[in-house]
Amino acid sequence: MNADNSGRVAEISAALDSVRSRLTAACAAAGRPASAVTLLPVTKFFPASDARILYELGCREFGESREQEAIAKVAEFAAAAAGGAIDGADPVRWHMIGQLQRNKARSVAKWAYAIHSVDSARLADALDRAALDALSAGDRAAPLRVLIQVSLDADPTRGGIALDELPALAARIATADGLELAGLMAVPPLGSDADEQFARLHEVHRTVLESHPHAVELSAGMTGDLKAAVRHGSTCVRVGTALLGSRPVISK
Ligand SMILES: *Cc1c(COP(=O)(O)O)cnc(C)c1O
């Protein structure tokens, strides 16, 4: 690590300690073991150097939500690792957590370990084909793990599939050779009661598990609502702001 980024290292290190404590406390409050919930640091809008700092502090998985930005960051991180600039040789897993256009499926299938935001059969089919091609080209070693993004408020512009269409999409992904149905994801609508939303999501997840017992992941909870998410069965909290700071406001 360069000496000149020691300020940033100290800042991120303190933030990571604090988020880990929050997460441990949330698990304890929910009567769940701390190991039941994974922290997924979200590095979108922040440079690859911040992901490197998080890596050296023990993080091995990162979330990105904008495809273009992610490809560049993944490449930069890999180049630094290959050049010996990163201590440790553990593989890193990149997660795509944001809304995705079908025409980006090929690219995502090359860099993403998992995708948390699949919400249509058309997108699932495109990812399946892309993952199969990436597998046969040796660009990936295992099927693409897919979490279905569920719409809790039936507002299609926010992403997420309507609950009545969820069983069919789950069945389709479960039988796709390039994909592995890993679980569900949701983002509660702004201003909603997180506790209520995550309780519903937990119920939906239980139903999906009846037909798909391996779909155990529940990606739920961010900086502002991770405690409620952990109370309602989250297995993965996606945290950006509390680790890396505020992002610039964008109109998108
Ligand atoms: C940006 C983002 C996050 C991180 O949110 P914070 O509030 O900064 O922790 C989590 N999930 C998704 C889908 C995101 O796009």
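The dialogue below takes up several labels used for this predicted model and the values behind them.

Reader: Why is His202 called buried?

Author: His202, which lies in helix H7 (residues 194–211), has a relative accessible area of 19%, and since buried means under 20%, His202 counts as buried. Leaving aside its neighbours within four places in sequence, His202 is in contact with Leu218, His232 and Gly233.

Reader: What makes Ala199, in helix H7, partly exposed?

Author: The relative accessible area of Ala199 is 28%, and the label partly exposed is kept for values between the 20% under which a residue is buried and the 50% over which it is exposed, so Ala199 is partly exposed. In space, the C-alpha of Ala199 is 5.6 Å from that of His232, although 33 residues separate the two in sequence.

Reader: Why does Ser107 count as partly exposed?

Author: Ser107, whose place is in helix H4, has 21% relative accessibility, and because buried requires a value under 20% and exposed a value over 50%, Ser107 counts as partly exposed.

Reader: Which residues is Ser107 in contact with, leaving aside its neighbours within four places in sequence?

Author: With that restriction, Ser107 is in contact with Glu67 and Ile71, where contact means heavy atoms within 4.5 Å. As for Ala29, 78 residues away along the chain, its C-alpha is separated from that of Ser107 by 40 Å.

Reader: How do you know that the span of H3 is close to the expected one?

Author: Helix H3 runs over residues 67–82, which makes 16 residues, and from its first C-alpha to its last it reaches 22 Å; the expectation, at 1.5 Å a residue, is 22 Å, so the two values can be set side by side.

Reader: What makes the buried residues of H3 line one face of the helix?

Author: The buried residues in H3 are Glu67, Glu69, Ala70, Lys73, Val74, Phe77 and Ala80. Seen down the axis of H3, these buried residues fall within an arc of 150 degrees, and therefore they line one face of the helix. The face turned away from that buried side carries the exposed residues Gln68, Glu76 and Ala82. The cover over the buried residues of H3 includes helix H2 (48–56), strand S2 (61–64), strand S3 (93–96) and helix H4 (105–111). After H3 comes Gly84, with a positive phi near 80 degrees.

Reader: How does the span of H1 compare with the expected one, and what covers its buried residues?

Author: Helix H1, residues 6–30, has 25 residues and reaches 36 Å between its first and last C-alpha, close to the 36 Å expected at 1.5 Å a residue. Its buried residues are Ile12, Ala15, Leu16, Val19, Leu23, Ala26 and Cys27, and what covers them includes strand S1 (38–41), H2, helix H8 (226–231), strand S8 (236–239) and helix H9 (241–244). H1 is followed by Gly31, whose phi is positive, near 70 degrees.

Reader: What makes the approaches of Thr223, Gly240 and Arg247 to the ligand polar contacts?

Author: A polar contact is a pair of N or O atoms within 3.5 Å. An N or O atom in the side chain of Thr223 is 2.5 Å from an oxygen atom of the ligand, a backbone N or O atom of Gly240 lies 2.8 Å from a ligand oxygen, and a polar side-chain atom of Arg247 lies 2.7 Å from a ligand oxygen, so each of these pairs satisfies the cut-off. Taken alone, the ligand exposes 390 Å², of which the protein buries 86%. The residues around the ligand also include Val42, Lys44 and Met185.

Conventions. Residues are numbered from 1 along each chain as its sequence is written. Side-chain values use heavy atoms; hydrogens and water are left out. Helices (H or I, at least four residues) and strands (E, at least two) are DSSP runs, numbered from the N terminus. Buried means under 20% relative accessible area, exposed over 50%, partly exposed in between (1.4 Å probe, protein chains only). The arc is that of the directions from the helix axis to the C-beta atoms. A residue is near a molecule or strand if one of its heavy atoms lies within 4 Å of it. A polar contact is a pair of N or O atoms within 3.5 Å; within protein, one must be able to donate a hydrogen and the other to accept it, and residues adjacent in sequence count only if both atoms are side-chain atoms. Accessible areas come from the Shrake-Rupley method with a 1.4 Å probe; for residues, only the protein chains shown count as cover.
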